[in-house]
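User: I've got a structure open and want to talk through a helix, some side chains, the cysteines and the pockets. Can you take me through them?

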Amino acid sequence: MKKILFAKYNRTRREEYQISTCIYEDDTGCYVEKVALNQKALQHINDFEKKYMGLKEIYKTMKLLKPNVLKDRVIFNYIKGVTVDGFLMKYVTNINSLVEQIKTVISNTYVYNDDYVIDFYKTEDFVTVFGDIGNLSCRALKITNIDTIFDNIMIQGEELYCLDYEWVFDFPIPLDYSIYRSLLYFYNKYNAYISESMTCKTFIAEFGYNLEIQETYWNMEDNFQQYVQGRNRCYIY
């Protein structure tokens with residue numbers, strides 16, 4: 001008999017991105033299933049195979065869970081371990097230790113094969129998703145999974161696994177933007193602890209992001225959220 005261990009429904013998005021994520025347990029064990037919640041979201045589900053093929057050679061230290069794409073759903077193996085977020089949570093009451101641990105995580109996790117690293121240049125697709133942010137002189141990835149936040153990376157023994165690659169784009173995106181997102185979401189999640197020692201901007205500055213680039217990446221993030229949730233986040237309301 002199939003038992004639900006976890007369920008999340010993403011309905012606060014544009015219709016083409018509305019999916020559910022569930023963890024099930026049956027006689028064979030546990031597995032993760034993402035399902036399109038309407039016809040428009042089918043392409044979003046079916047694209048997981050393409051995303052997997054595009055990303056699987058890009059990381060030096062992370063592995064990807066292979067998708068099993070069916071008609072309206074995609075199934076992943078369930079792996080046990082501790083997320084990077086769970087590992088770092090132990091340090092949130094000691095800001096100096098936390099910063100050092102995050103620096104170690106960044107240097108060991110966000111490591112890419114040289115063939116995928118290029119100079120950033122702005123494309124029309126980039127502007128559609130992330131807005132017209134002006135000219136940036138930085139390194140970028142040819143194809144990027146922007147959702148490699150600490151919650152989405154699992155530590156299993158000596159291995160690192162990327163648990164989710166729903167938001168993948170095949171145009172240049174600044175390499176450090178994905179790391180910025182990880183820092184931003186981590187700070188917001190543990191704000192009650194970290195804010196006693198640092199503001200969000202001061203925290204992120206610890207990792208080499210000056211205020212100007214933080215503003216740029218925040219604008220990118222705001223535009224991305226409106227791309228997913230509708231202009232002015234109308235699907236939330």
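Analyst: Sure. This is a predicted model. Let's start with α6, which is mostly covered: 11 of its 15 residues are buried.

User: Which residues in α6 are buried?
Analyst: Leu 175 and Tyr 177 are buried, followed by the run Ser 178, Ile 179, Tyr 180, Arg 181, Ser 182, Leu 183 and Leu 184. Phe 186 and Tyr 187 complete the list.

User: And Tyr 185, where does that sit?
Analyst: Tyr 185 lies in α6 as well.

User: Is Tyr 185 buried or exposed?
Analyst: Partly exposed. Its relative accessible area is 33%, and buried means under 20% while exposed means over 50%. So Tyr 185, at 33%, falls in between.

User: What does Tyr 185 touch, leaving out residues up to four places away in sequence?
Analyst: Glu 221 and Gln 225. With Gln 225 there is also a polar contact, side chain to side chain, at 2.9 Å.

User: How far is Tyr 185 from Tyr 161?
Analyst: Their C-alpha atoms are separated by 19 Å. Along the chain they are 24 residues apart.

User: Let's switch to Gln 214. Which helix is it in?
Analyst: α9, which covers residues 211-229.

User: Is Gln 214 buried or exposed?
Analyst: Buried. Its relative accessibility is 5%, and the cut-off for buried is under 20%.

User: What surrounds Gln 214?
Analyst: Setting aside residues up to four places away in sequence, Gln 214 touches Tyr 180, Cys 200, Lys 201, Ile 204, Ala 205 and Tyr 209. Tyr 180 is one of the buried residues of α6.

User: Which backbone oxygen lies 2.9 Å from a polar atom of the Gln 214 side chain?
Analyst: That of Lys 201.

User: Cys 200 came up there. How many disulfides does the structure hold?
Analyst: 0.

User: Why doesn't Cys 200 make one?
Analyst: The closest cysteine sulfur is in Cys 138, and it is 20 Å from the sulfur of Cys 200. That is too far for a bond, because a disulfide needs the sulfur atoms within 2.5 Å.

User: What about Cys 22?
Analyst: Too far again. Its closest cysteine sulfur, in Cys 30, is 13 Å away. Cys 22 is also buried, at 3% relative accessible area.

User: Pockets now. How much space is in the largest pocket?
Analyst: About 890 Å³. It is lined by 31 residues, and the closest to its centre are Lys 8, Lys 34, Asp 147, Asn 152 and Asp 164.

User: Which element gives the most to that lining?
Analyst: α9, with 4 residues. The elements that each supply at least two are β1 (3-9), β2 (19-26), β3 (29-36), β6 (73-77), α6 (175-189) and α9.

User: How do the lining residues of the largest pocket divide?
Analyst: Into 14 nonpolar, 8 polar and 9 charged.

User: And the volume of the second largest pocket, what is it?
Analyst: About 470 Å³. Of its 19 lining residues, Tyr 17, Asp 47, Lys 51, Val 168 and Phe 169 are the closest to the centre.

User: Which elements give two or more residues to the lining of the second largest pocket?
Analyst: α1 (42-46), α2 (48-55), α5 (124-130) and β13 (168-169). α5 gives the most, with 3 residues.

User: How does that lining divide?
Analyst: Into 8 nonpolar, 3 polar and 8 charged residues.

Note on methods
Residues are numbered from 1 along each chain as its sequence is written. This is a predicted model: local features need pLDDT of at least 70, side-chain atom pairs count only at pLDDT 80 or more; totals for chains, interfaces and linings use all residues. Side-chain values use heavy atoms; hydrogens and water are left out. Buried means under 20% relative accessible area, exposed over 50%, partly exposed in between (1.4 Å probe, protein chains only). A polar contact is a pair of N or O atoms within 3.5 Å; within protein, one must be able to donate a hydrogen and the other to accept it, and residues adjacent in sequence count only if both atoms are side-chain atoms. Contact means heavy atoms within 4.5 Å. On a 1 Å grid over the protein atoms alone, a cavity is a set of points where a 1.4 Å probe fits but cannot get out, and a pocket is an open set with protein on both sides within 12 Å along at least five of seven lines; lining residues have an atom within 4 Å of a point. Grid points are joined across faces, edges and corners, and a volume is the space filled by probe spheres set on the points. Ala, Val, Leu, Ile, Met, Phe, Trp, Tyr, Cys and Pro count as nonpolar, Asp, Glu, Lys and Arg as charged, and the others, Gly among them, as polar.
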